[in-house]
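I opened the model to see how its chains meet. My entries follow in the order in which I looked things up.

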Amino acid sequence: MSFDLKYQSDHGSTGEELIMNVSELEETGAVVEKAVREGYFTLADALSAYRLSEIEYVAYLLLKNKGKLEVIDKENQVVGALYYLVEAFHAPSASFDASGKKVMKELETIVHTSPLRDNNLFVA
Amino acid sequence: MQIIAQPYTFTAADRQRIEALGYRIEGIPADRPLESFVPALFPNFDLAGLLEIIDKLFAPTTPLAIQRRIQYNIPAETLHFIFRNSTANEDEAVAFDRVVLRKGGELLIKHMYCLVPLPYQGKGLIKPIFQASLQQYVNMGIRKIMVHAGLGGGGYTWARHGFVAVEPNEVQTILNDAYNKLSANEITPVERIFSKYYSDHPAGGEFPMILWANLPGMKEVLRGSDWNGSLDLHNPEQFRNFSNYVFRP
């Protein structure tokens with residue numbers, strides 16, 4: 001392969017080495033989050049476009065916020081984890097059957113009435 | 001990853017360390033030594049320290065002669081440092097080539113070349129260089145890293161790092177290529193990102209290539225692409241993402 005001196009650029013292998021320890025879940029989850037935050041897609045559309053499941057997105061949010069979750073007690077870690085679950089499944093829950101919708105409603109109530117609502121834990 | 005700016009004063013002793021590495025120093029005007037220029041225009045830049053790390057890690061990767069040069073231009077306010085061996089073969093080439101410049105009152109750095117010979121790729125030589133570089137960029141208050149993404153699949157890789165595309169016509173060219181290569185389902189989100197960005201930012205110079213890079217089918221499109229990008233080190237999101245990657249063990 002020729003090394004064209006007129007073609008000034010850091011080589012792709014250089015960038016690959018910098019990113020080699022980043023998991024696909026972390027990379028794709030971060031892109032989904034950005035795409036939603038900047039209004040390119042709804043969460044449901046972003047997950048579909050980037051081929052990430054809701055469960056994978058919950059896993060991404062848990063890993064990303066591991067530090068924040070671990071500073072609170074274990075009881076509230078559950079509420080924090082539920083928050084990410086509720087966020088990820090909000091859109092698909094519209095097609096749940098009655099019992100599934102009831103579960104989601106109860107989870108939303110738990111999350112939205114939690115005292116943790118007042119701190120930054122619920123900022124994914 | 002938080003990087004704290006560290007003060008540094010470049011002196012004649014730094015120039016001597018650089019000369020001891022074998023660098024040929026060429027300046028305009030010639031009667032103004034490097035030490036009268038670097039601290040004034042690029043404050044806190046430990047250039048000698050950075051060049052020593054490059055030499056330590058990159059010089060052993062090649063049996064070929066190495067060219068080491070520094071060119072500075074005081075009226076133009078540019079500093080160019082070049083470390084490269086004497087081959088045009090990409091698999092054997094080692095190079096580290098950077099230009100620091102001032103534009104519109106801001107400091108920028110152009111990443112001209114960085115690569116190591118094929119047997120040394122993925123062997124841990126790059127991160128220490130980028131870590132040391134990023135520390136210097138913070139020390140100097142550099143605003144943006146400029147890159148021409150393309151060489152060796154860099155069009156895809158640098159997009160994943162969060163570099164944004166600065167030239168709308170280059171983004172349009174990549175979109176045209178995507179139309180030819182992607183299925184109808186695959187092109188829909190690609191098109192949506194393009195349309196929304198340029199609708200919100202007509203003639204915008206910060207197209208989020210990262211949103212394209214992770215879409216199905218776009219890896220191959222971007223691997224063959226060629227675009228000019230930048231990374232804003234004063235943008236908290238761009239800086240955090242890039243520095244997290246660079247400093248990750």
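**Entry 1: the strand pairing across the chains.** I started at Asp10(A), which stands opposite Cys114(B) in β5(B). Its neighbour in my list is Ser9(A), whose bridge partner in β5(B) is Tyr113(B). β1(A) and strand β5 (residues 106-115) of chain B thus pair in the parallel sense, over two bridges. Strands here are DSSP runs (E) of at least two residues, helices are runs of H or I of at least four, and both are numbered from the N terminus. I call two strands paired if DSSP finds at least two bridges between them.

I noted the conventions at this point. This is a predicted model, in which local features need pLDDT of at least 70 and side-chain atom pairs count only at pLDDT 80 or more, while totals for chains, interfaces and linings use all residues. Residues are numbered from 1 along each chain as its sequence is written, chains are lettered from A and ligands numbered from 1 in the order in which they are written, and side-chain values use heavy atoms, with hydrogens and water left out.

**Entry 2: the other partners of β5(B).** I then followed β5(B) within its own chain. Strand β4 (residues 95-103) of chain B pairs with β5(B) in the antiparallel sense over nine bridges. Phe96(B) stands opposite Cys114(B). The hairpin of β4(B) and β5(B) has two residues between the strands, and Gly104(B) takes a positive phi near 60° there. β6(B) pairs with β5(B) in the parallel sense over four bridges. In that pairing, Lys110(B) stands opposite Met146(B). Is β5(B) mostly covered or mostly open? Eight of its ten residues are buried, so defined as under 20% relative accessible area (exposed is over 50%, partly exposed in between; 1.4 Å probe, protein chains only).

**Entry 3: the interface as a whole.** How many residues does each chain bring to the contact? I read 36 from chain A and 55 from chain B. Contact means heavy atoms within 4.5 Å. The area buried between the two chains is about 4300 Å², and carbon and sulfur atoms give 55% of it. That area is the accessible area (1.4 Å probe) lost on putting two parts together, summed over both.

I found 26 residue pairs in polar contact across the interface, both residues at pLDDT 80 or more. A polar contact is a pair of N or O atoms within 3.5 Å; within protein, one must be able to donate a hydrogen and the other to accept it, and residues adjacent in sequence count only if both atoms are side-chain atoms. On the side of chain A that touches chain B, β1 (9-10), α1 (12-19) and α2 (24-37) each supply at least two residues. α1(A) gives the most, with eight residues. The residues of that side divide into 14 nonpolar, eleven polar and eleven charged. Nonpolar takes in Ala, Val, Leu, Ile, Met, Phe, Trp, Tyr, Cys and Pro, charged takes in Asp, Glu, Lys and Arg, and the others, Gly among them, are polar.

**Entry 4: salt bridges.** My rule asks for a side-chain nitrogen of Lys or Arg within 4 Å of a carboxyl oxygen of Asp or Glu. The whole structure holds 20 over all chains. Six cross the interface of chain A and chain B.

Glu27(A) and Arg160(B) form one at 2.7 Å, N to O. Glu27(A) lies in helix α2 of chain A and Arg160(B) in helix α5 (residues 154-160) of chain B, so this pair joins two chains. Glu27(A) is buried at 6% relative accessible area. Arg160(B) is buried too, at 10%.

Arg143(B) and Asp232(B) also meet at 2.7 Å, N to O. This pair links distant parts of the chain: Arg143(B) is in the loop between α4 (126-140) and β6 (144-149), Asp232(B) is in strand β8 (residues 227-232), and they are 89 residues apart. Arg143(B) is partly exposed at 22%, whereas Asp232(B) is buried at 6%.

Arg37(A) reaches Glu237(B) at 3.4 Å, N to O. Shared partners join Lys34(A), Arg37(A), Glu38(A) and Glu237(B) into one network of salt bridges.

**Entry 5: chain A alone.** I counted seven helices and one strand in chain A. Of its 124 residues, 43% are buried.
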